[in-house]
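Q: I would like to learn how to read the contacts in a two-part model, beginning with charged pairs. Could you take me through the features one at a time?

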Amino acid sequence: MFVGNQREGLRAAPIQWIGVTRRRTRSLGVIAGLETFFVRIRGQLIWLHGVMFVGFLALILVPLVLPDPPEDAALFGHFTTAANYILWGLWFPLVFVSVIVAGRSWCGLLCPMGAASEWANRHGLKRAIPRWLRWPGTPVVSFLIITVLGQTLGVRDHPEAVAEVFGGTLVAAILIGYVYGRYKRAWCRHMCPIGLLLGVFSRLGAVQFAPKLHQPGGDAYSEKGICPTMIDINRKRESRHCIACFRCVHPQARGGLSLRLRHAGAEVEAIRDHHPNAAEVWFLFLGTGIAVGGFLWLVLPFYQELRLALGEWLIGRGWDWIGNAGPWWLMSVHPERREVFNWLDFTTIVGFMFAVMALLALALVSVTLAAAWLAGKAGADRSLGARFLELAYQYAPVAMVSLLIGLGGELFDSLRLVGLQADAIGSVKGGLFLAGLLWSLYLGERILARQGVAASRRGLPLLPGTLGSVLVGLAWWPAIFGI
Ligand code: SF4
Ligand code: SF4
């Protein structure tokens, strides 16, 4: 028996090995082809950026001068409904999904905002990037402001709100680019409201740009090199700031970076080697919470009860002005569409979103701390704080999938166009949701393995993390599957 198995093993091994070698050679060929292609076209990307810029302006500005579409307008039967679908049904969800297969290629190859910011930088003042901009919390604040403003303005329903949010962000990107940095994208690295979001999720991605000759010392910030997002390329270990622009790729040279494939989630599994950091973890917790809050106020009856109670209480104390409509640039004021927010609406929406954010963040901090503590008891290495930071990254898949399903509703609704019924669409969402949840659990287990917890002792520290992933999922449940 033993001898027979050994012989089979000996016979099978070379065949298996040849298969692996062939697959590897094929994938190396694909990567070499991609590198050559993108290196060749990178000088021409300006034309693509120009087209994207004009298209982007059309999407946000043309609906302003058109009459409102009829209530029953088909998806592509009116420019405004089409523009709305392109922004929320295609761009928003697909950019998130794209980071899994292509990293932040949207940023490096297509985004008109980042390209405009860099173009302005080329002709601008080139001042040193100030400390306030480099503060790791700046993109977190930027994300929170834009998310809340999007809700109070009704960015999914009103072209004026789309113009303000996207147009305002574009102007800010150009201004920051014009003033700060020397041939860089200070906006993309430090202030873009979705840059950090794409950055966190790109850590899950199946592609990376890695140094051919790696220098030790860990990731570093450098305004001197070729990288537009200030990555010291030879010390690069983390993906989050890499916008996949191919500028550091020189296939024939011995140095620089090269495109590499890895399995999705590999960077998070080994997060300790890829600069886990508190700013990103806070963003993951707070960003998830504020996005959930931004959806829940729309669907929960509890929100309406809260608003009513707060309104009665304030008016009872003589705060009658709370019933007045606010300025158009801060809240939705569209009497022609029968929607006018007053200060009570504004206060309740903002308060509700921040309360949900605080509660979810508190819950995630608690369960992650518990997981880190239990991991220590089970033999994990490093300090409690370091284990906490590493384990916090396990929620990335469930947060990403929830965000995709919860806020990409238009994409899933449009599956009706290809013949899917409501039940089938629900199954697609449910399947994705379950996959995100299981992926998070798997990452939690892998992170514990890297912390040195023996396989037989991982169950207990895995429990709080599982609870955290389920919590994120449950928070999105009404958004995904209805109440
Ligand atoms: S970071 Fe933001 S502005 Fe910059 S390229 Fe990415 S999405 Fe566009
Ligand atoms: S590391 Fe290379 S590919 Fe990534 S952003 Fe910097 S220059 Fe572009």
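Q: How should a salt bridge be read, and at what N to O distance do the side chains of Arg-337 and Asp-68 meet?

A: Side chains of opposite charge can pair when their charged atoms come close. The rule used here asks for a side-chain nitrogen of Lys or Arg within 4 Å of a carboxyl oxygen of Asp or Glu, and in this predicted model Arg-337 and Asp-68 meet in such a bridge at 2.7 Å, N to O. Arg-337 lies in the loop between strand S3 (333–334) and strand S4 (339–340), and Asp-68 in the loop between helix H2 (45–65) and H3, so the pair ties together parts that are 269 residues apart in sequence; helices (H or I, at least four residues) and strands (E, at least two) are DSSP runs, numbered from the N terminus. The structure holds 19 salt bridges.

Q: What conventions lie behind these values?

A: This is a predicted model in which local features need pLDDT of at least 70 and side-chain atom pairs count only at pLDDT 80 or more, while totals for chains, interfaces and linings use all residues. Residues are numbered from 1 along each chain as its sequence is written, chains are lettered from A and ligands numbered from 1 in the order in which they are written, and side-chain values use heavy atoms, with hydrogens and water left out.

Q: How is the interface between domain 1 and domain 2 read, and what area is buried there?

A: The size of an interface is often given as the accessible area lost when the parts come together. The assignment, automatic or from a database, gives domain 1 (27–202 + 207–261) and domain 2 (279–481). Between them about 3100 Å² is buried, with carbon and sulfur atoms giving 73%, where buried area is the accessible area (1.4 Å probe) that two parts lose on being put together, summed over both. Within domain 1, Gln-151, Thr-152 and Phe-201 lose the most area to domain 2, together 19% of what that side buries.

Q: How many salt bridges does the rule find across this interface?

A: The rule finds four salt bridges between domain 1 and domain 2. On the side of domain 1 that touches domain 2, the elements giving two or more residues are helix H3 (79–102), helix H7 (138–153), helix H8 (159–179) and helix H10 (195–202), and H3 gives the most, with eleven residues.
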